[in-house]
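Trainee: I would like a close look at one strand of this model. Please start from that strand and then work outward to other parts of the chain.

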Amino acid sequence: MKRVEDSLALRLFAWGLLLVGGGLLILFSYRFPLHVWLPLLFLVPLALLVDSFTFQLAGGVYLSFETVVCLFCALLLGPVIAAWMASIGVLLDELFLLRRGPHVAARSAGMYALMWLVGGLAYQAVGGTFPLMQLEWIDLLRALFLFLVAALVNRTAMGIERLLRGLSLREYLVYIAPRTLLIEIGFVVIGAVMAVTYTRIGPIAVTLLMAVMLLALAMFRQLREVSQKLERRLALLGGLNYVGRLIGASLELDRLLDLVYEGVSNLFDASLLCIALYDPERKELSCQVLYDKNGRHMDQPHEWLSELAAYLVERRELVLARNAEEVGRLPVSPEGAGSSEAPQSVLGVLMMSKGRAVGAIVAQSPRPDAFAQEDQEAMMTLANQAAIALENVRLFREVEQSRGYLRAVLDAVDNALVVTDMSGRVRLINRAVKELFGLSEERALGYPLREVVRHPVLVGLAERIARGEVVGSEVVQMELDDGRALMGYLDPVIDPQRERIGYVIALADVTAIHELSELKSTMIRVASHDLRNPLHLAAGFFRILLDDLPQLSELQKDLAHRVQTNLDTIGRLIDELLNLERVEEAQFTRQEPVDMGAVAQEVVQSQFLRAELKRQRLWVEVEGGPHRVKGNRRMLAQALTNLVDNAIKYTPEGGEIEVRVRSEGKRVFLSVRDTGVGIPPEVQPRIFEQFFRARQPGTEEVSGTGVGLSLVQQIVQQHGGQVWVESEGIPGKGSTFHIALPAL
Ligand code: ADP
């Protein structure tokens, strides 16, 4: 930012004033005898003392009592000595007390010299005398004339300076100058009374008068300060509350920063405010915004303010500098420190969130004591609220980013994906689903899945999700009107706390596989039928041959046994394949009421011996009953047999197998729990596929075809039910297969 005091015109003006004022003073006074100067030894310190009783009026206007002392001096000792006193006093004040730098001091000294010299001469010109001996109306009017001329010189110089600084002259002439002028006119009476008191009664009377006046002023100022402090505290609290609420409600970074600025400018008298955000990963300030009195000033960094902000964040420090001297002592001091435009007060706090510094707010003011200790606390509260809001903004952006990323990934997937919450409302869909069912996000997101999709299989699935009937992973097959075959995989969505939060349904186009499978089925059917009869014949002839053969050697017996077992295995495979095909073709037409409790007991009885041979404990628990379903008894028994058969196969010797039947609501549940090798979660979705065999350790010796479970699934689905498995995949903890069927 271009600094105003650097302007050459302004400097020329300041030093020109000093030259003219000082020159005139010297011209008028070089012949004065020594004793004339002596009162200055007392008057200059008095002017300095009185000057420290500066008043701040509303609207940032300052009023100093040096007018009273200067007028007193002019009426008592004449214009020249008054001008010397005023200019030396203000020079010392600017240089050593306010530390404003040489240009400002030169301007003030020159201006004061001119004011009181010109004022005093004008006073003499209208018949005014010094020392003032009496206070008739005419004397008072002359004193007033003196003051008005001095005030005119003062306003003219200040006006020119404002113009050179590019500030509004109108504001000064309309608001500031008249207000100070009116109050200072009151001072004229005090100055005149003091001068007359001095000449009539003596210096002690004036000193006493002064002392009483200063005391009264000091008390008045004290009272005002206390009440201002109270008012300010109340305003701070109210303001903080308001700003806090506003800030918390915004999720947009720029808006949030503007709100922080509004909050700060409502609460504090800052001329420049820098909000700097810190990027902990890159270890640098990531964003700096500068505001001046008129709002957002510029996005490019303000060198020393951002340097100070970076320093605060790095060191985790706060700063509060209340005057030019303290500003000069800051770790990073502003350029042009000491000049009239250099900050006289600086306040800097950190924005802390979860113990991390996420940025800093630094405010400056050209006025000393613009910020107090309590302002620092209030600013810290505000900064921390802002930090939380910024954190929210960051999280929101991150979520938005990951959402965008997730969306892109999901859209790139060819499978159609639908994610629902626990109540079955659609939370997410990808491009493939939209294309498959002609959906739009507006008409899908947030609506129940059953209302969004039209396909009966999906509607059924959606209804079960909505009723909370879906327990584990499920696989469904469906066919579209255009003949395409889809395989739907439903899986629960589990959050990091292992809580189920919804479901994901992935639909894969398996038309090609389906066609292959059809082909395979036909081949299997043909091959099985053609193989079954010759195989049975071969097995029969082999048995007859064996019976007719004379005594066999051990080797021959062993070979004959192997032939027999292998023929049996092939026979079983063919039977299972035919069974599967039969079920797929839905060849069981007989539908009858079946009591699943009775079926379970029969199945367990038929498998009992096999379990006994492996020294396993096999039992059935039927809770209440009857547990009636509608269906094909033989097929249902077959499904349960397959599950029990697997449980026996995949459970080592000495294990346990429990079959349980119960009814709940409108459904009959069967479960087969074993203590076997278990099924690792990653293969669980595949075990119901045809010919799939999981080869986990401990099952190498177990023979099988990979058809049993797909048969179970076919049968259960044809009965309108579901089958699923629960297993942690830990050997010894086993698996539990569940079947749920609609109750009759
Ligand atoms: P298989 O003829 O191989 O038993 P299934 O279709 O009946 O074929 O089962 C498929 C796969 O599922 C099996 O190969 C096995 O790995 C696994 N499986 C089925 N039931 C169990 C069980 N109770 N315990 C452990 N694994 C099982």
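Trainee: How many of the residues of strand β3 (residues 272–279) are buried?

Mentor: This is a predicted model, so what follows describes computed coordinates. In β3, eight of the eight residues are buried, so the strand is largely enclosed by the rest of the structure. The cover extends to both faces of β3. On one side, the buried residues are Leu272, Cys274, Ala276 and Tyr278. On the other side they are Leu273, Ile275, Leu277 and Asp279.

The pairing of β3 comes next. Strand β4 (residues 284–292) runs antiparallel to β3 and is joined to it by eight bridges. Within that pairing, Tyr278 has Leu285 of β4 as its bridge partner. The hairpin formed by β3 and β4 has four residues between the strands. In this hairpin Lys283 adopts a positive phi near 55°. Strand β8 (residues 356–365) is also antiparallel to β3, with six bridges between them. Here Ala276 of β3 is paired with Ala360 of β8. Ala276 is one of the buried residues listed for the first face, and Tyr278, the partner of Leu285, is on that side too.

Now for helices. Helix α9 (residues 253–267) packs against helix α12 (residues 373–412), with axes that come within 10 Å and cross at roughly 175°. That angle makes α9 roughly antiparallel to α12. From α9, the contact uses Leu253, Leu256, Val260, Val264 and Leu267. From α12, it uses Met379, Leu382, Ala386, Ala389, Leu390, Val393 and Arg397. A separate helix, α5 (residues 102–125), has 24 residues and spans 34 Å from first to last C-alpha, close to the 34 Å expected at 1.5 Å a residue. Of those 24 residues, 18 are buried, and α5 is thus described as mostly covered. Just after α5, Gly127 has a positive phi of about 95°.

A further sheet is found later in the chain. It is an open sheet of five strands in the order β10-β9-β13-β12-β11, paired in the antiparallel sense. Its edge strands, β10 (426–429) and β11 (474–479), each pair on one side only. From one strand to the next, the twist averages 20°. Inside this sheet, β12 (residues 485–494) and β13 (residues 500–509) are antiparallel and share nine bridges. Met487 faces Ala508 of β13 across that pairing. Helix α16 (residues 456–466) lies across β9 (416–421), β11, β12 and β13, and runs at about 150° to β11.

Charged side chains are the next topic. A search of the whole structure gives 31 salt bridges. One of these pairs Lys434 with Glu441, whose closest N and O atoms are 3.6 Å apart. Lys434 is partly exposed, with a relative accessible area of 24%. Glu441 is also classed as partly exposed, at 23% relative accessibility. Another salt bridge links Glu469 to Arg464, with 4.0 Å between the closest N and O atoms. Arg464 is buried, its relative accessible area being 11%. The pair of Glu653 and Arg615 has its closest N and O atoms 3.3 Å apart. Glu653 is in the loop between α20 (633–649) and β17 (656–664), and Arg615 is in the loop between α19 (596–613) and β15 (617–622), so the salt bridge ties together parts that are 38 residues apart in sequence. Arg615 is exposed, at 60% relative accessibility. Elsewhere, salt bridges with shared partners connect Lys354, Arg356, Glu391, Arg394 and Glu398 into one network. Arg356 brings the account back to β8, which covers residues 356–365 and pairs with β3.

One last residue can be examined in terms of burial and contacts. Ser735 belongs to strand β20 (residues 735–742). Its relative accessible area is 5%, so Ser735 is buried. Setting aside neighbours within four places in sequence, Ser735 touches Val672, Arg673, Asp674, Gly678, Ile679, Val725, Glu726 and Ser727.

To return to the strand you asked about: β3 has all eight of its residues buried, and it is flanked by antiparallel pairings with β4 and β8.

Conventions. Residues numbered from 1 in each chain as written. Predicted model: local features only at pLDDT ≥ 70, side-chain atom pairs only at ≥ 80, totals over all residues. Heavy atoms only, no water. Pairing = 2+ DSSP bridges. Helix = DSSP H or I, 4+ residues; strand = E, 2+ residues; numbered from the N terminus. Axes fitted to C-alpha atoms, helices over the stretch in contact; angles between N-to-C directions. Contact = heavy atoms within 4.5 Å. Expected span 1.5 Å × (residues − 1). Buried < 20%, exposed > 50% of the residue type's maximum accessible area, 1.4 Å probe, protein only. Parallel < 35°, antiparallel > 145°, perpendicular 65-115°, else oblique.
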